[in-house]
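Trainee: I would like to learn how to read cavities and nonpolar cores in a model. Can we work through one?

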Amino acid sequence: MANSVNTNIGAMVALKNLNSVSDSLSSTQKRISTGLNVADAYDDGASYAVAEGIRSDVKAIGAVNERLAVGKGMIDVAVKAGENISKSLQDVRVVLTKLSDEALNATDRANYNAQYTTLKEDIDNFIKDAKYNGVNLIDSTTGQKIISNVDGGNIEVKAKDLKTDVLDKLTAVTNATEAAALIADGAGVDDAMTELGTGMNQLAADSRRVTNQIGFNNAIADATNTGLGAIVDADLAKESARLQSLQVKQQLSSQALSIANQSPQSLLGLFR
C-alpha cells in the first residue's frame, strides 16, 4: 500500500464503520424510544402495512362495541321502566281488589278510583320516559338493529308496545263489577302482567346477547392486539444489550478514525 497524503485508506475504512455504527445506533434508539420494532414504513414496509390493517380492525371492533354499548343502554332503560311498571301493576291489583267490594261507600270508592287513575298515569309516564338516546323500546313494536361485528352483522333488539299490551288493558272502572272483571283470572290485570312479563323476558334475553357480543368482541380485540404486538413490538431487553454494544463500537470507531487521521503525520519524518 502506497504512503500517500491524498488517500488515507485507514481513515476511509474507519469513517465507513463509524457511519454504519451510527446508523445502527440511531435505529436502536428509535426502537427503544417508541417501543416498536416497526414504527413506520421505513423500518419494514410489508410488516407496517400488515400492522396498519390490524390496527384498523381493532379500531373497527372498538366502534362496534361502542354502538353495542348504546344498544345495551337502550335495553337497560327499558328494563328499569318495566320493573317500575310491574310494581305499579301490583298496586293496581290491590286497588282494584278494594274497588270490587260492593260494600264500599261512595267516598272511599272515589278515593280508590283516584288512586287507580294515578297508578295508570304513572305507568303511562314510565312508558313514555323509557328513552335512551331518543329510542324507546317499550312504546312501539319497532325494534332496533345494532351492529355486532366488523362485517356489518347485527343483533336485532325486539320492542314491545306496553301502552297497547299493558296500559290499555286497564280500562276505566265505575263500579264494583267492572273492578272485579279486571282482576279476574286471565282478564285485564292478569293479561297486562303476562304481557309485561313477556316483554321483560325478551328484553333480558336481548341484553344478554348484547353483553355476550361485547365480551366476544373484546376477546377478539385482545387476541388481535397480541398478534399485532408480535409483529411490531420491540424486544427491549435485546435492544438494551444492542445499545450498549453499539455505543462501545461507536467509541472504538471514533478512536480508530482518530488514529487513522494521524497516520499522514508519520510521512513528515521521511523528509527531515
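Trainee: How many cavities of 30 Å³ or more does the structure hold?

Mentor: A cavity is a space that the probe fits into but cannot leave. This is a predicted model, and it holds 1 cavity of 30 Å³ or more. The space in the largest cavity is about 40 Å³.

Trainee: Which residues line the largest cavity?

Mentor: Its lining consists of Gly82, Ile138, Lys160, Leu162, Leu196, Gly199, Met200 and Leu203. Helix α6, residues 188-232, gives the largest share of that lining, with 4 residues. By class, the lining has 5 nonpolar residues, 2 polar and 1 charged.

Trainee: Why look for a nonpolar core at all?

Mentor: In soluble globular proteins, nonpolar side chains tend to be buried together. Here the largest nonpolar core has 39 residues, and those touching the most other members are Ile85, Leu96, Tyr116, Leu137 and Ile138. At least two residues of this core come from each of α2 (45-99), α3 (106-129), β4 (154-157), α5 (176-182) and α6. The largest share, 13 residues, is supplied by α2.

Trainee: What does Leucine 137 touch, not counting residues up to four places away in sequence?

Mentor: With those neighbours left out, Leucine 137 touches Met74, Ile75, Ala78, Ala130, Gln144, Val157, Ala159, Lys160 and Leu203. Of these, Lys160 and Leu203 also line the largest cavity.

Trainee: Which residues are in the other core, the one of 6 residues?

Mentor: That core lies apart from the largest one, and Val38, Ala51, Leu228 and Val232 are among its members.

Note on methods
Residues are numbered from 1 along each chain as its sequence is written. This is a predicted model: local features need pLDDT of at least 70, side-chain atom pairs count only at pLDDT 80 or more; totals for chains, interfaces and linings use all residues. Side-chain values use heavy atoms; hydrogens and water are left out. On a 1 Å grid over the protein atoms alone, a cavity is a set of points where a 1.4 Å probe fits but cannot get out, and a pocket is an open set with protein on both sides within 12 Å along at least five of seven lines; lining residues have an atom within 4 Å of a point. Grid points are joined across faces, edges and corners, and a volume is the space filled by probe spheres set on the points. Ala, Val, Leu, Ile, Met, Phe, Trp, Tyr, Cys and Pro count as nonpolar, Asp, Glu, Lys and Arg as charged, and the others, Gly among them, as polar. A nonpolar core is a set of buried Ala, Val, Leu, Ile, Met, Phe, Trp, Tyr and Cys residues joined through side-chain atoms within 4.5 Å. Buried means under 20% relative accessible area, exposed over 50%, partly exposed in between (1.4 Å probe, protein chains only). Contact means heavy atoms within 4.5 Å.
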